[in-house]
Amino acid sequence: MFKKILIANRGEIALRVIRTCKEMGIKTVAVYSTADANSLHVRFADEAVCIGPPASKESYLKIPRLIAAAEVTNAEAIHPGYGFLAENAEFSRICQEHNIKFIGPSPDMISQMGDKSTAKENMIKYGVPVVPGSDGNISDLKLAMKVAEEVGYPVIIKATAGGGGRGMRIVREASDFKRNFDSARQEAGSAFGNPEVYIEKYIENPRHVEIQVLGDRHGFITHLGERDCSMQRRHQKILEEAPSPLMTPELREKMGKAAIRAAETVNYEGAGTVEFLVDKNNEFYFMEMNTRIQVEHPVTEEVARYDLIQNQIEIAYGEPLRNRELKIRGHAIECRINAEDPEKGFRPSAGEITVFNMPGGRGVRVDTHAYQGYRVPPNYDSMIAKLIVSAPTRKDAIAKMRRSLEEFVIEGIKTTIPYHIQLLDDPNFISGNFDTNYLEKHFKFNPNINTP
Ligand code: MV4
């Protein structure tokens, strides 16, 4: 096994990786910016290397510094976590060239999935269901409008280099098409350096259901069931759960098979997630494949009883996956605790945490790099903790989450805890009656309700 791994990330995910490495007897190297010197990932790693000033571009995104840090510490592998360089094909390639194992897929797999219209074409070839739309990218307005008429309005214009909502436009009638087509291309060009877009039929009020997959170097690919990530606002997931409240054993079987086929299009190696949209009739469509470990991976870990980081490391080392039968046990929910003020439009709330009391008890897991006295820096993503609960049924898990949120006391900064408490009391959440538009269109946070 690897003797030493460098973690090219910060925050809770860096600590999450360190924890598994310790359990596997692997030494760890943390990297940190000057803003993160007091973070727990630095404290609990065996070694730590400062890689620059607070700005991500000058630290966590600086490939030469990460490679240098791995070389001076003799780390044999780099775990990229999520975000930052996790889906950067060039970083994967540069690691390869320096004989450092990138704990993730090859540069080619990353770029094949990172280009959404290429990924979609591959899915069509392998018989994975996709949303009807254009045959690849379209740059000609007339052709694009012809496709839109053919698939029928409403349509959605998507950037091939996109994902997560940027460069995306919903168009409900032909008279709005040109304006949206031009602005989508514009936005994609400046955001990703690639203006190419493709067109799809717009699926109204879909659910976001994603399947966790694992593939090893020997060509074996398996899936670990689904996560429901429909509770989002502004393309940021808020709460995730496994299994999906609307899942049936038949649908899980079908979507699991489709997800494995999706991963097979690139002979996928590592942990990955295949995202699907599911419509009201339980028809599902491939959206994109994420070639990284995801924020919400713990809900799958809890119900499938896997350590996904351990699997990533074993796969990267070349070990074959064990073919265990998938048995989903109970229900798990994750709430993302962000340093944001839900009363003020989720404005980031950096500063010192003066009181930090974590919940505990059976079935309660908190993944966080924060602690009492920790200063939340203003430079990065605002997520400071993930609260994950598991229980035999969804109803039990909601009750456990509700009481855990009340035990979670954070003072000194604003957090999304009060928002989560209200969401857990919401009848539509409780009954599983929600889709990807629910939080923004229907759920209203009430600042006048005082939560403990
Ligand atoms: C869609 C869609 C409806 N129809 N595609 C948003 C980000 C990217 N992953 C894909 N997205 C969507 N693609 C078709 N053909 C609706 C969305 C979408 C969405 C998807 C998942 C979770 C939240 C969302 C919020 C708005 C739109």
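**Exercise 1. The surroundings of the ligand**

Task: In this predicted model, find how many residues surround the ligand and which are the closest, and then describe the contacts and the cover that the protein provides.

Solution. Begin with the count: the ligand is surrounded by 17 residues, and the closest are Lys158, Glu200, Lys201, Ile203 and Gln232. Next, sort the shell by class, which gives 7 nonpolar, 5 polar and 5 charged residues.

Then look at individual atoms. Lys158 places a polar side-chain atom 2.9 Å from a nitrogen atom of the ligand, and a polar side-chain atom of Glu200 likewise lies 2.9 Å from a ligand nitrogen atom. For Ile203, it is a backbone N or O atom that lies 2.9 Å from a nitrogen atom of the ligand.

Now turn to the cover as a whole: on its own the ligand has 520 Å² of accessible area, and the protein covers 93% of it. Finally, ask which elements give two or more residues to this shell; they are β6 (155–159), β8 (197–201), β12 (270–278) and β13 (284–290).

**Exercise 2. Aromatic pairs**

Task: State how many aromatic pairs the model has, and classify the pair Phe91 and Phe102 as well as the pair Tyr371 and Tyr374 by the angle between their ring planes.

Solution. The count comes to 12 aromatic pairs. For Phe91 and Phe102, the ring centres are 5.8 Å apart and the planes stand at 90°, so this pair is edge-to-face, the cut-off for that class being over 60 degrees. Because Phe91 belongs to helix α4 (residues 89–97) and Phe102 to strand β5 (residues 101–102), the pair ties together parts that are 11 residues apart in sequence. To judge burial, recall that buried means under 20% relative accessible area: Phe91 has 0% and is therefore buried, and Phe102, at 4%, also counts as buried.

For Tyr371 and Tyr374, the centres are 5.5 Å apart and the planes at 55°, so the pair is tilted. Here Tyr371 counts as partly exposed because its relative accessibility is 24%, whereas Tyr374 is buried, with a value of 3%.

**Exercise 3. A cluster, and charges over rings**

Task: Name the members of the aromatic cluster that includes Phe346, and find which rings have the arginines Arg207 and Arg394 over them.

Solution. The cluster is formed by Phe346, Tyr419, Phe443 and Phe445. Turning to the arginines, Arg207 lies over the face of Phe434, 4.7 Å from the ring centre. In the case of Arg394, the charged end sits over the ring of Phe429, at 4.6 Å from its centre.

**Exercise 4. Backbone geometry**

Task: Identify the cis peptide bonds that lead to Pro154 and Pro243, and describe where Asn74 and Asn205, two residues with positive phi, are placed.

Solution. As background, most residues other than glycine have a negative phi, and most peptide bonds are trans. The peptide bond from Tyr153 to Pro154 is cis, with omega near 0°, and Pro154 lies in the loop between α7 (141–151) and β6. Ala242 and Pro243 are also joined by a cis peptide bond, with omega about -5°; Pro243 is placed in the loop between β11 (236–242) and α9 (249–264).

Asn74, which is not a glycine, has a positive phi near 60°. Asn74 occupies the loop between α3 (63–73) and β4 (77–79), and with a relative accessible area of 61% it is exposed. Asn205 has a positive phi of about 45°, again without being a glycine. Asn205 sits in the loop between β8 and β9 (207–215), and at 29% relative accessible area it is partly exposed.

**Exercise 5. Two further positions**

Task: Is Thr160 buried or exposed, and is Glu23 buried or exposed?

Solution. Locate Thr160 in the loop between β6 and β7 (169–171); at 0% relative accessibility, Thr160 counts as buried. The side chain of Thr160 makes a polar contact of 3.0 Å with the side chain of Ser117.

Glu23, by contrast, is exposed, with a relative accessible area of 67%, and belongs to helix α1 (residues 11–23). As a last step, compare sequence with space: Glu23 and Asp367 are 344 residues apart in sequence, while their C-alpha atoms are 16 Å apart.

How values were computed. Residues numbered from 1 in each chain as written. Predicted model: local features only at pLDDT ≥ 70, side-chain atom pairs only at ≥ 80, totals over all residues. Heavy atoms only, no water. Phe/Tyr/Trp six-rings, centres within 6.5 Å; stacked < 30°, edge-to-face > 60°. Helix = DSSP H or I, 4+ residues; strand = E, 2+ residues; numbered from the N terminus. Buried < 20%, exposed > 50% of the residue type's maximum accessible area, 1.4 Å probe, protein only. Lys NZ or Arg CZ within 6 Å of the ring centre and 35° of its normal. Near = heavy atom within 4 Å. Polar contact = N/O pair within 3.5 Å; in protein donor to acceptor, adjacent residues only side chain to side chain. Areas by Shrake-Rupley, 256 points an atom, 1.4 Å probe, with all protein chains shown as cover. Nonpolar A, V, L, I, M, F, W, Y, C, P; charged D, E, K, R; others polar.
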